[in-house]
Amino acid sequence: MNIFLLSVLLALLPYVFTERVDQTPRSVAKAEGQVLTINCVLRGANYELAKGSTCWYRKKSGSKVEESITKGGRYVETVNSGSKSFSLRINDLTIEDAGDYRCAAWEAADMCMYGVCTIYPFSGACGSGTAVTVTPGIPPSPPIVSLLHSATEEQRANRFVQLVCLISGYYPENIAVSWQKNTKTITSGFATTSPVKTSSNDFSCASLLKVPLQEWSRGSVYSCQVSHSATSSNQRKEIRSTSEIAVLLRDPTVEEIWIDKSATLVCEVLSTVSAGVVVSWMVNGKVRNEGVQMEPTKMSGNQYLTISRLTSSVEEWQSGVEYTCSAKQDQSSTPVVKRTRKARVEPTKPHLRLLPPSPEEIQSTSSATLTCLIRGFYPDKVSVSWQKDDVSVSANVTNFPTALEQDLTFSTRSLLNLTAVEWKSGAKYTCTASHPPSQSTVKRVIRNQKVDCRQTDISVSLLKPPFEEIWTQQTATIVCEIVYSDLENIKVFWQVNGVERKKGVETQNPEWSGSKSTIVSKLKVMASEWDSGTEYVCLVEDSELPTPVKASIRKANVSQMHPPKVYLLHPSTDEIDTENSATLMCLATNFHPAEIYVGWMANDTLLDSGYRTQVDSEKGSGSSFVTDRLRLTAAEWNSDTTYSCLVGHPSLNRDLIRSTNKSNGKPSSVNVSVVLSDTVKSCT
């Protein structure tokens with residue numbers, strides 16, 4: 001009888017134990033503060049997942065006891081009866097949450113309290129387990145909040161402005177954002193982007209509110225309220241419509257001084273309103289009305305531009321007097337002042353280059369012309385002399401007048417005409433330039449030297465001009481670098497659209513490095529010529545080369561450009577109070593191509609000529625953003641100094657300027673670096 005019963009039980013066992021629970025993942029490592037989800041699926045069972053029939057167990061690290069988990073609070077269970085799947089989500093993980101987790105599905109309800117996963121049940125099934133490791137996480141940090149507004153030309157045309165609440169530096173990511181108008185909660189018209197995790201493992205997002213232009217112009221107070229439960233942080237930033245004005249004072253151009261014999265200073269005033277701008281001039285502290293010309297106000301981008309010109313004499317400008325342009329929105333407002341004067345130029349000694357005659361000249365005319373190039377000296381008082389074997393030579397010498405270069409230095413050249421026989425004799429010829437203002441005398445020596453063996457491994461490469469030079473100086477310098485075993489008799493030529501160009505060319509003497517020597521030749525042209533797509537060719541010739549070697553370059557064509565949107569953010573009061581410093585941030589977004597210039601000015605002084613602290617690309621938009629910070633002391637910020645951020649971009653015709661000072665609006669917390677995504681989602 002016992003043998004019969006045992007046979008029956010063995011035959012029924014496959015049907016009794018057909019159900020099972022598949023549990024994933026088998027193991028997982030999470031950081032403290034993160035979220036963990038464990039998934040389980042009941043398979044092969046002929047019963048449904050009833051309420052209370054799913055259970056979860058945990059065996060803590062170092063323990064042998066498997067305990068039942070009470071669902072609720074941080075432990076959130078989700079059950080899908082149709083697919084017989086259920087999962088457990090554990091929020092805000094702690095170090096104590098580490099251990100082995102198992103799920104169970106019972107045919108009957110309320111079985112969790114018995115904790116029988118260690119004994120294989122007849123009325124249910126257990127998962128295989130998940131080993132959970134929790135590592136120390138990032139400490140919670142409160143958000144940094146700043147509030148600013150933008151009003152592009154398109155937005156003004158559609159009669160609205162955009163308020164942007166920038167939120168950064170917080171952890172963990174759960175955050176709540178709300179808007180108020182005059183302390184009354186706003187329930188529509190705004191959207192908040194989803195959090196973006198930064199390289200510092202904290203989060204950033206932005207909330208955008210569209211405000212009718214008429215409402216904004218009334219001066220209503222708008223506020224952005226940011227709550228971060230993990231740090232119990234509640235921050236509120238306010239903003240209201242204020243009149244903005246920026247002033248740029250331009251010096252007379254070199255061309256005007258040397259060609260027109262006059263000196264015109266240009267004061268450009270950008271404002272947010274179309275009328276009421278008052279501009280005045282002073283020279284050495286005295287009001288100047290004579291020679292002042294005002295142009296009608298006109299639109300420039302999304303701002304209004306007023307230009308005032310003061311025409312002075314060249315003698316007055318070069319005397320070093322101080323010119324002051326003062327601009328204000330109306331008679332009652334505080335003026336923004338810019339000052340300038342001609343900087344004293346110290347004497348600069350000349351640079352010499354002595355060129356040998358060309359092989360073609362020697363072969364075709366039996367003559368040989370030595371060329372002495374003298375460049376980079378200031379002022380233009382220079383004398384040039386020649387010697388042959390240290391004996392003075394005055395016959396067959398041609399000296400040319402000095403010429404003013406674009407960098408405000410002077411250049412000239414001197415020719416010594418020889419016969420081919422004289423040159424081939426191997427005599428030593430010396431060109432000497434004396435420059436009394438810099439108390440310098442510079443010499444270069446040349447002689448005909450025959451070289452028995454020449455290598456032909458020559459390298460010629462071109463570098464495009466930097467955008468900073470193009471924007472700030474309106475010039476473009478193309479650099480040609482030639483590397484060769486012996487460059488003594490190398491000749492460098494420049495061609496522009498197939499025509500030889502000599503103006504603006506500067507070629508240095510060879511410099512040796514090991515067995516190679518390098519020559520750098522520079523061609524400086526106007527930025528407008530470079531922007532037109534002109535082709536530039538650097539051509540290198542030598543009698544030992546079978547054919548000339550050349551390299552060409554031109555500006556790449558950009559089919560579509562996007563101008564930058566620029567914001568200037570105040571320093572935070574916390575930074576001023578605790579660190580005794582003040583950081584201004586200039587944020588430029590949504591521009592293409594990526595070339596951009598950012599500079600800073602304090603009143604009339606250029607502080608920074610365009611370094612970039614961060615450049616990234618916005619995903620999917622093909623545009624870029626840049627942030628540039630100016631760190632001041634608290635005393636510098638609390639002074640009456642006006643600080644300006646200047647932004648240049650290929651899509652713009654002039655600097656895009658944002659100016660501010662301590663009295664221009666309330667300070668905002670800064671140190672923000674976020675990308676404003678076009679995708680509108682909720683932060684919560």
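1. How do the residues lining the second largest cavity divide into nonpolar, polar and charged? In this predicted model, the lining holds 6 nonpolar residues, no polar ones and 3 charged ones. The residues concerned are Ala246, Val247, Leu248, Glu268, Leu270, Leu305, Arg654, Asp655 and Ile657.

2. The cavity count, for volumes of 30 Å³ or more, is 2. The second largest cavity encloses about 40 Å³. Two elements, strand 20 (245-250) and strand 21 (263-271), each give two or more residues to its lining. Strand 20 supplies the largest share, with 3 residues.

3. As to the location of the second largest cavity, its lining draws residues from both domain 3 (246-341) and domain 6 (565-660), and the cavity therefore lies between these domains.

4. Two cis peptide bonds deserve attention during inspection of the backbone. Tyr171 and Pro172 are joined by one of them, with omega about -5°; Pro172 belongs to the loop between strand 12 (160-170) and strand 13 (176-181). The other runs from His592 to Pro593, with omega near 5°, and Pro593 sits in the loop that links strand 48 (581-591) with strand 49 (597-602).

5. Lys84, although not a glycine, has a positive phi of about 55°. Its place is the loop between strand 6 (75-80) and strand 7 (85-90). Lys84 has a relative accessible area of 15% and is therefore buried, the cut-off being under 20%.

6. Gln474, also not a glycine, shows a positive phi of about 60°. Gln474 occupies the loop between helix 8 (467-473) and strand 39 (475-484). With a relative accessible area of 44%, Gln474 is partly exposed.

Notes:
Residues are numbered from 1 along each chain as its sequence is written. This is a predicted model: local features need pLDDT of at least 70, side-chain atom pairs count only at pLDDT 80 or more; totals for chains, interfaces and linings use all residues. Side-chain values use heavy atoms; hydrogens and water are left out. On a 1 Å grid over the protein atoms alone, a cavity is a set of points where a 1.4 Å probe fits but cannot get out, and a pocket is an open set with protein on both sides within 12 Å along at least five of seven lines; lining residues have an atom within 4 Å of a point. Grid points are joined across faces, edges and corners, and a volume is the space filled by probe spheres set on the points. Helices (H or I, at least four residues) and strands (E, at least two) are DSSP runs, numbered from the N terminus. Ala, Val, Leu, Ile, Met, Phe, Trp, Tyr, Cys and Pro count as nonpolar, Asp, Glu, Lys and Arg as charged, and the others, Gly among them, as polar. Domain bounds come from an automatic or database domain assignment. Buried means under 20% relative accessible area, exposed over 50%, partly exposed in between (1.4 Å probe, protein chains only).
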